[in-house]
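Trainee: Could we go through this structure together? I have the sequence and the model open.

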Amino acid sequence: MSLPSTDTVVTYPDGDLTATGTVVHLEPLPDGRTAVLLDRTAFHPVDPVWPDQPADTGELVLGDRTYPIVDAVVGATDGGSLFVGDAPVRTGTEGWAFVVCHLVEDATGLEEGATVAVSADAEHRRALSTGHTACHLASLALNEALSPLWTKEVKVDGRGRPDFDQLAITSSRILPDGSTDEYRIGKSLRKKGFAAAELPARLDELSATIDGLLAEWVATGAPVGIARDGDGHGLGERRRWRAELPDGVIEIPCGGTHLHSLSELAAVTVTLELVEAEGALTLTMRTSAEPA
Ligand SMILES: [Zn+2]
């Protein structure tokens, strides 16, 4: 069975939960599961390179048969082999096709060329989109709250604040109605001019500043969503989270799903925690969102 030479067309960035697609490839995996590749899907897969937002939950339907999707990951193929979640190249690399691998336990009855319906669980998606939108808002508020602690000029975010989030982040996990982000503050960040010594005494003040900004932004009910660079809507095309905040339009590279408006949120708040280990500080920001 030949491998696709073009990306899976993805409709989840627009908020779609259902799609109809043609099976373009079935790949039996060593663990007994099968990766089902469609030409088009609404199903969000986890990207192992930056696994912030977990995969959707849901199912494939062919006629009267239902195939639960037990996981979905970004795959890549150069035409010769299919890498399921372990691509040796960055998503978007020329000469490769990037595909959504819908993993099913039992693919009996599925075949290449079949037309299937794919659907993602609406409540799970809504909770993750809420968490992801809150996560990006909180990162901008964190950058602003920490801006007085920078003593040198560094790269700035879309609002012109020193981009602590991008310079220090080591992991981001989107949760239902929230997120957990970890930042490493080590020697190199201090060398760039970050006054780390001031952080422990200012944690409460910082989280109050962040919560204040978040309340202000949530109150605007501003439109948010995903903007695309290309018009093919392939998985490998770059996408950006976009928010129309009071001081301008902000864009952050993002492969996930989001709310359509901040009016879908009642409140977003954070807690900050600082831990010292092996000569570096780890700052953890836990964000929680209350849906409207
Ligand atoms: Zn994102």
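Trainee: Which residues of H4 are buried?

Mentor: They are Leu-199, Leu-203, Leu-206, Ser-207, Ile-210, Leu-213, Leu-214, Trp-217 and Val-218. Buried means under 20% relative accessible area, exposed over 50%, and partly exposed in between, with a 1.4 Å probe and protein chains only. This is a predicted model, in which local features need pLDDT of at least 70 and side-chain atom pairs count only at pLDDT 80 or more, while totals for chains, interfaces and linings use all residues. Residues are numbered from 1 along each chain as its sequence is written, and side-chain values use heavy atoms, with hydrogens and water left out.

Trainee: What do the buried residues of H4 pack against?

Mentor: They pack against H1, S14 (239–245), S12, S16 and S17. Contact means heavy atoms within 4.5 Å. The names H and S stand for DSSP runs numbered from the N terminus: helices (H or I, at least four residues) and strands (E, at least two).

Trainee: What span should H4 have, and does a kink sit somewhere in H4, or where is it centred?

Mentor: The 22 residues of H4, at 1.5 Å a residue, should span 32 Å, and the end C-alpha atoms are 30 Å apart, which agrees. The expected span is 1.5 Å times one less than the number of residues. H4 has a kink of about 35°, centred on Glu-205; the bend at a residue is the angle between axes fitted to the seven residues ending there and the seven starting there.

Trainee: Now the sheet. What is the order of its strands?

Mentor: The open sheet of 4 strands runs S11-S12-S17-S16, with antiparallel pairing. Two strands pair if DSSP finds at least two bridges between them. S11 (169–175) and S16 are at the edges with a single partner strand each, so one side of each lacks a neighbour in the sheet.

Trainee: How many bridges join S11 and S12?

Mentor: S11 and S12 (residues 178–185) pair over 6 bridges. Thr-180 in S12 is the bridge partner of Arg-173.

Trainee: Changing topic, which residues coordinate the zinc ion?

Mentor: His-132 (NE2), His-136 (NE2) and Cys-254 (SG) do, at 2.1 to 2.3 Å. Donors are N, O and S atoms within 2.8 Å of the metal (3.2 Å for Na, K and Ca); water is not among the atoms, so sites may look incomplete.

Trainee: Are His-132 and Cys-254 buried or exposed?

Mentor: Both are buried.
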